[in-house]
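Work through the exercises below with the sequence and the 3D view open. Try each task before reading its solution.

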Amino acid sequence: MWKFINDHWRDGIEILLLATCVYQIYRAFRATRGAQILVGLGTILVVLTLVSTVFKFEVIAWIIKSAATVLAFALIVIFQPELRNGLARLGSNRLFSFSSKRRLAFLERFADAVINLSKKRVGALFAIQRGISLKDYLDSGVVLDAQFSPELAMAVFHPKAPLHDGGMIIADDRVAGAACVFPVTEKEMQDRSTGLRHRAAIGLTERTDAIAVAVSEETGGISISENGHLQRNLTEKQFREKIAEIFFSGKPNNETESGTQLDRKDPLTPAGDSDLVSD
């Protein structure tokens, strides 16, 4: 037993390192549009290789071997946008750059703003920047530099406000811009009621590591999109818990008595109006 370990411990470390690399690459690319196509092509290639090896199909084996190099270059060209976005995710820093105390203060204001918009059925779309810069999308809107507050969010997304049509970009705890245009997802949605605002939230998080929060104008429903996955119709409690989990990576915050649990009431909403509008 010890002889086997002594002879093969390097192999074990090598397998562990390769598995870790493959897993991290999978995490980075799984939300991209071409991920399923790449997985399908890889599966077909592996199956054909196994079949040709088992049954000694020399022609198929020769074709696979001859086409491997050309196919590799072709995939790089075809899936260049997906590869670029995936590598950007892989190299990005997902941690928010500002301190946990500032994070918690911003998070309370942000949650209050979103819930207040939901109760008043004011449509809104927020994008919170993380490791990947959103400057390209910021250039499509109006550049701002303001402290985020529930009052500012209500003023921007008011139906008659000039900047309400588009998304608000938040960098750290400040509003970087408003009326920004986000890319709409190209994947087919099973729920036909998913509107343009929610499709833009999904599209942005498919291409970046940002967090997108959408408020439905018709129903007041709150949705969070991360890595191209949309969670819809969150209750007030679910939204506070989910956004706190994202900001603090599921780790408790020792600087507050309640950790990352947000219990502050909405200062802009009357005391008797505490029910979240259902979707």
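## Exercise 1: a salt bridge

Lys135 is partly exposed, with a relative accessible area of 48%. Buried means under 20% relative accessible area, exposed over 50%, and partly exposed in between (1.4 Å probe, protein chains only).

Two points on the source. This is a predicted model, in which local features need pLDDT of at least 70 and side-chain atom pairs count only at pLDDT 80 or more, while totals for chains, interfaces and linings use all residues. Residues are numbered from 1 along each chain as its sequence is written, and side-chain values use heavy atoms, with hydrogens and water left out.

Task: find which side chain meets Lys135 in a salt bridge.

Solution.
- Step 1. Apply the cut-off: a side-chain nitrogen of Lys or Arg within 4 Å of a carboxyl oxygen of Asp or Glu.
- Step 2. The partner is Asp139, at 3.3 Å, N to O.
- Step 3. Check exposure: Asp139 is partly exposed, at 48% relative accessibility.

## Exercise 2: other salt bridges

Task: state how many salt bridges the whole structure holds. Then find the partner of Glu226.

Solution.
- Step 1. A search of the whole structure gives six salt bridges.
- Step 2. Glu226 meets the side chain of Arg130 (3.2 Å, N to O).
- Step 3. Place the two: Glu226 is in strand β6, and Arg130 is in the loop between β1 and α6 (135-138). They are 96 residues apart, so this pair links distant parts of the chain. Helices (H or I, at least four residues) and strands (E, at least two) are DSSP runs, numbered from the N terminus.
- Step 4. Compare burial. Glu226 is partly exposed at 21% relative accessibility, whereas Arg130 is buried at 12%.
- Step 5. Take Arg207 next. Its salt-bridge partner is Glu206, with the closest N and O atoms 3.7 Å apart. Arg207 is buried at 15%, and Glu206 is buried at 5%.
- Step 6. Look for shared partners: Asp112, Glu236 and Arg240 are joined into one network.

## Exercise 3: the sheet

Task: write down the strand order of the open sheet. Which strands stand at the edges?

Solution.
- Step 1. Use the pairing rule: two strands pair if DSSP finds at least two bridges between them.
- Step 2. Seven strands then give the order β2-β4-β3-β1-β5-β6-β7, with mixed pairing.
- Step 3. The edges are β2 (142-147) and β7 (229-234). Each has a single partner strand, so one side of each is left without a neighbour in the sheet.
- Step 4. Add the twist: neighbouring strands are turned by 20° against each other on average, direction ignored. Axes are lines fitted to C-alpha atoms, for helices over the stretch in contact, and angles run from 0 to 180 degrees between N-to-C directions.
- Step 5. Check β4 (residues 174-180). Six of its seven residues are buried, so β4 is largely enclosed by the rest of the structure.
- Step 6. Follow its partners. β2 and β4 run antiparallel, joined by four bridges, and Val142 stands opposite Ala178. β3 (residues 167-171) also pairs with β4 in the antiparallel sense, over four bridges.
- Step 7. Find the turn: β3 and β4 form a hairpin with two residues between them, and Asp172 there has a positive phi of about 60°.

## Exercise 4: around Ser223

Task: is Ser223 buried or exposed? Which side chain makes a polar contact with the side chain of Ser223?

Solution.
- Step 1. Ser223 is in strand β6.
- Step 2. Ser223 is buried, with a relative accessible area of 1%.
- Step 3. The polar partner is the side chain of His198, at 3.4 Å. A polar contact is a pair of N or O atoms within 3.5 Å; within protein, one must be able to donate a hydrogen and the other to accept it, and residues adjacent in sequence count only if both atoms are side-chain atoms.

## Exercise 5: aromatic rings

Task: classify the pair of Phe106 and Phe148.

Solution.
- Step 1. Rings of Phe, Tyr and Trp (its six-membered ring) pair if their centres lie within 6.5 Å; planes under 30 degrees apart count as stacked, over 60 as edge-to-face and the rest as tilted.
- Step 2. The centres are 5.6 Å apart and the planes at 70°, so Phe106 and Phe148 are edge-to-face.
- Step 3. Both Phe106 and Phe148 are buried.
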